[in-house]
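Got the model open in your viewer? Let's walk through it one selection at a time.

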Amino acid sequence: MTSKPTRREVLSATTLLLLVPLVPLGCSSSSSGNAGSSSGGDGGNGCNGIFETSTVTNNHTHTLCVPTTDLTSPPSAGVVYTTSLSAGHTHTVTLTQAQLQSIESGTAVTVTTSSPAAHDFTISKM
């Protein structure tokens, strides 16, 4: 026979659930060996870098964050990012060191995400 939880137990569990940090889904990225998490100076989207929205494919878009640190110190192996979750899936986007350097110098770079139903991103500094 199980006993009913006390009011204190219920309130403790509820408080714990409210204190669990929420992870933003809008901008997810990862670079080789780095978490790629971003915050501050982002206009509310959670990206400390360049935040772009893809072209529309199958009636949906994805977003991508390219962190400033990857632009100012581009890894020699390049970086693989993961787009936001949309329509039940994500994509990967690969940027080479040369592409990251181009973006940092002010040149727009267009890249295509992984398949299926790939999207294009045009990434540029404003």
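Start with the whole chain in cartoon view and trace it from the N terminus: the elements come in the order α-β-β-α-β-β-α-β-β. That makes three helices and six strands. What you are looking at is a predicted model, so colour it by pLDDT before anything else. The chain averages 77, and 65% of its residues reach 70 or more. Now select residues 13–43, where the pLDDT is below 50; the model still gives this stretch 43 contacts beyond near neighbours in sequence. Where pLDDT is low, the predicted coordinates should not be read in detail. Hide that stretch if it gets in your way.

**Stop one: the disulfide**

Select Cys 47 and Cys 65 and show them as sticks. Their sulfur atoms sit 2.2 Å apart, and the two residues form a disulfide. A search of the whole structure turns up one such link. What does the disulfide tie together? Cys 47 is in the loop between α1 (7–19) and β1 (49–53), while Cys 65 belongs to strand β2, so the pair joins parts that are 18 residues apart in sequence. Rotate until you look along the S-S bond: the angle about it is 80°, and the link is right-handed. Turn on a surface and you'll find that Cys 47 and Cys 65 are both buried.

**Stop two: into the core**

From Cys 65, step along to Val 66, also in strand β2. Val 66 is buried, with a relative accessible area of just 1%. Show what surrounds it: leaving out residues up to four places away in sequence, Val 66 touches Cys 47, Gly 49, Ile 50, Leu 71, Tyr 81, Leu 95, Leu 100 and Ile 123. So one half of the disulfide you just visited, Cys 47, is on that list. For a distance to try in the viewer, pick the C-alpha atoms of Val 66 and Tyr 81: they are 7.9 Å apart in space, with their positions 15 residues apart in sequence.

Which residues touch the most other members of the largest nonpolar core? Val 66, Leu 95 and Ile 123 do, in a core of 14 residues. Colour the elements that give two or more residues to this core: β2 (63–67), β3 (79–82), β4 (92–95), α3, β5 (109–112) and β6.

Next, centre on Ile 123. With residues up to four places away in sequence left aside, Ile 123 touches Ile 50, Glu 52, Leu 64, Val 66, Leu 95, Ile 103, Thr 107, Ala 108, Val 109 and Val 111.

**Stop three: a strand with two faces**

Select β3 with side chains on. In a regular strand the side chains alternate between the two faces of the sheet. Here the covered face carries Val 79 and Tyr 81, and the uncovered face carries Val 80 and Thr 82. Add β4 to the view: β3 and β4 pair in the antiparallel sense, over four bridges. Look across from Val 79 and you land on Leu 95, its bridge partner in β4.

**Stop four: helix α3 and the salt bridge**

Go to helix α3 and pick Gln 101. At 42% relative accessibility, Gln 101 is partly exposed. Its C-alpha atom is 6.4 Å from that of Leu 71, although the two residues are 30 apart along the chain.

Then move to Glu 104 and show Lys 125 with it: their side chains meet in a salt bridge, 3.0 Å from N to O. Glu 104 lies in helix α3 (residues 97–104) and Lys 125 in the segment after β6 (120–123), so the pair ties together parts 21 residues apart in sequence. Are these two residues buried or partly exposed? Glu 104 is partly exposed at 28% relative accessibility, and Lys 125 is partly exposed too, at 38%. The structure holds one salt bridge.

**Last stop: a threonine in a loop**

Finish at Thr 57, in the loop between β1 and β2. Thr 57 is buried, with a relative accessible area of 16%. Select Ala 117, Ala 118 and His 119 as well, since Thr 57 touches these three once residues up to four places away in sequence are set aside.

Now zoom out to the full chain. Of its 126 residues, 32% count as buried. As for contacts between residues at least 6 apart in sequence, 43% join residues at least 24 apart.

Definitions and conventions:
Residues numbered from 1 in each chain as written. Heavy atoms only, no water. Salt bridge = Lys/Arg side-chain N within 4 Å of Asp/Glu carboxyl O. Buried < 20%, exposed > 50% of the residue type's maximum accessible area, 1.4 Å probe, protein only. Core = buried A, V, L, I, M, F, W, Y, C linked by side-chain atoms within 4.5 Å. Contact = heavy atoms within 4.5 Å. Pairing = 2+ DSSP bridges. Disulfide = S-S within 2.5 Å. pLDDT = per-residue confidence, 0-100.
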